[in-house]
Amino acid sequence: MIIRSTPDHPIRSSDITPEGVYHDRRTFIKEAGFAGIGLAATLAGARRASAQQGGTSIGGAELKGELTPEEDVTSYNNFYEFGTGKDDPKPNAKNFRTKPWSVKVEGMVAKPATYNLEDFLKPHKLEDRIYRHRCVEAWSMVIPWMGFPMADLIKRVQPLGSAKYIQFTTALDPQQMPGVRFPVLDWPYVEGLRLDEAMHPLTMMVVGVYGKMLPNQNGAPLRHIVPWKYGFKSCKSIVSIKFTDQMPATAWSVATPDEYGFYANVNPTVDHPRWTQARERRIGELRRRETLMFNGYTQVASLYSGMDLRKNF
Ligand SMILES: Nc1nc2c(c(=O)[nH]1)N[C@H]1C(S)=C(S)[C@@H](COP(=O)(O)O)O[C@H]1N2
Ligand SMILES: [Mo]
């Protein structure tokens, strides 16, 4: 990844009140064709669940006070297909066409199919989740996503017993994506997960942020999120989901295998060859924070029991 040695992000004050976060939800539901689908966990519901579970709700309501302003979430982005600068994706992806959109489910699965986006989404119930987001470049945000558990999708398409991994592929359209003219990565951007990682209840398919449909720069119309891994593990603008028995190629581990591995779990004790991963700069803050093991999602530790996380970085 291209790293600048000095912080290049101005500190901004926010005009977003947490209470205002979800007011656009109705509009979103309408625009995305979700009319008639019951609204999933409300923030109040998440808060209740959080209280019951001692503050570790999967909805992340305990992070509500730490939300990164919407303006920052939607203008400070990594989406190299639209340029390598943090402020490139927003203007360059402005006219990216996400309608119509189809998603191909392929490989070792009982029900392979190419869905249009509406059919792909229709059976699923949307949830709000506030997650920490930790970029491998040692900055972080706290982001309110909207989506559904990836496990629900996996159960629906019925992977074969032989399937062990899932590979995700981003759209590739040189006409619309100025960044793919440069051989920064081996396009299209691909990512992958072990099937048990994909099935973990924290792993989400995401269609919205801040109560609205995903802006193009954040990976419209469909991306995934794995909150205990570095941000590059989450593939934007997904066009294909493939089940396989082989560990799939992933864009960054192909580009620089010594720097980026398949697992990419947030781990403050395993440094990047060129910089420390022990601390992070939360966008909007001056003092660096200590990075948490698994980005604070320690409930995933059992997925990696017996594995050397230095080797499997
Ligand atoms: N297709 C694609 N997906 C991508 C990337 C990219 O360049 N192309 N960048 C990744 C990185 S490095 C990060 S940190 C997150 C950023 O997501 P955000 O811009 O929504 O915060 O997207 C990830 N997914
Ligand atoms: Mo990243």
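Start with the whole chain on screen and its contacts in mind: among those between residues at least 6 apart in sequence, 72% join residues at least 24 apart. Keep in mind as you go that this is a predicted model. Colour by secondary structure and you can pick out 8 helices and 12 strands. Switch to colouring by burial, and buried residues account for 56% of the 313 residues in the protein. If you turn on the surface, its accessible area is about 14,000 Å², with 53% of that belonging to carbon and sulfur atoms.

**Stop 1: the ligand**

Select ligand 1 and show the residues around it. There are 16 of them, and Tyr-80, Glu-81, Arg-223, Ser-234 and Lys-236 come nearest. Three polar approaches are worth displaying as dashed lines. At Tyr-80, look to the backbone: one of its polar atoms is 2.8 Å from an oxygen atom of ligand 1. At Glu-81, look to the side chain instead, where a polar atom lies 2.8 Å from a nitrogen atom of the ligand. At Ser-234 you are back on the backbone, with an N or O atom 2.6 Å from a nitrogen atom of ligand 1. Taken alone, the ligand exposes 530 Å², and the protein buries 99% of that. Now hide the ligand and look at the space it leaves: that space is the largest cavity.

**Stop 2: Thr-84**

Next, select Thr-84, in the loop between helix H3 (70-73) and helix H4 (89-92). Is Thr-84 buried or partly exposed? Its relative accessible area is 29%, so Thr-84 counts as partly exposed. Add Phe-182 to the selection: the two residues are 98 apart along the chain, yet their C-alpha atoms are separated by 9.9 Å.

**Stop 3: Ala-113 and helix H6**

Move on to Ala-113, in strand S2 (residues 113-116). With 27% relative accessibility, Ala-113 is partly exposed. Beyond the residues up to four places away in sequence, Ala-113 touches Val-103, Lys-104 and Val-105. For a longer jump, draw a distance to Val-157: the C-alpha atoms of this pair, 44 residues apart along the chain, are 8.7 Å from each other.

Val-157 brings you to helix H6 (residues 150-157). Why is this helix described as largely enclosed by the rest of the structure? Because 6 of its 8 residues are buried. To see them, select Met-150, Ala-151, Leu-153, Ile-154, Arg-156 and Val-157. As you look down the helix, recall that an α-helix has 3.6 residues a turn, so residues three or four places apart point the same way. Then step just past the end of H6 to Gln-158, which takes a positive phi of about 55°.

**Stop 4: two cis peptide bonds**

Zoom in on the backbone between Trp-187 and Pro-188, where the peptide bond is cis and omega is about 0°. Pro-188 sits in the loop between strand S5 (165-170) and strand S6 (190-194). Where is Pro-221? Look in the loop between strand S8 (212-213) and strand S9 (223-225). The bond leading into Pro-221 from Ala-220 is cis, with omega near -5°.

**Stop 5: Glu-197**

Now select Glu-197 in helix H7 (residues 195-199). Its relative accessible area is 0%, so Glu-197 is buried. Which side chain joins that of Glu-197 in a polar contact of 2.7 Å? Display Lys-229 and you have the partner. Then widen the view to the other residues in contact with Glu-197 beyond its neighbours within four places in sequence, among them Thr-203, Trp-228, Phe-262, Tyr-263 and Asn-265. Leu-303 and Tyr-304 belong on that list too.

**Stop 6: two positive phi values**

Finish with two backbone details. Tyr-210 is in the loop between strand S7 (204-209) and S8. Although not a glycine, Tyr-210 has a positive phi, near 50°. With a relative accessible area of 3%, Tyr-210 is buried. Your last selection is Asn-295, in the segment after strand S12 (289-290). Here phi is positive at about 60°, again in a residue that is not a glycine. Asn-295 counts as buried, at 2% relative accessibility.

Conventions
Residues numbered from 1 in each chain as written. Chains lettered and ligands numbered in written order. Predicted model: local features only at pLDDT ≥ 70, side-chain atom pairs only at ≥ 80, totals over all residues. Heavy atoms only, no water. Helix = DSSP H or I, 4+ residues; strand = E, 2+ residues; numbered from the N terminus. Buried < 20%, exposed > 50% of the residue type's maximum accessible area, 1.4 Å probe, protein only. Polar contact = N/O pair within 3.5 Å; in protein donor to acceptor, adjacent residues only side chain to side chain. Contact = heavy atoms within 4.5 Å. Areas by Shrake-Rupley, 256 points an atom, 1.4 Å probe, with all protein chains shown as cover. Near = heavy atom within 4 Å. 1 Å grid on protein atoms, 1.4 Å probe; cavity = no way out; pocket = protein on both sides within 12 Å on 5 of 7 lines; lining within 4 Å. Sits in = over half its atoms within 2 Å of the grid points.
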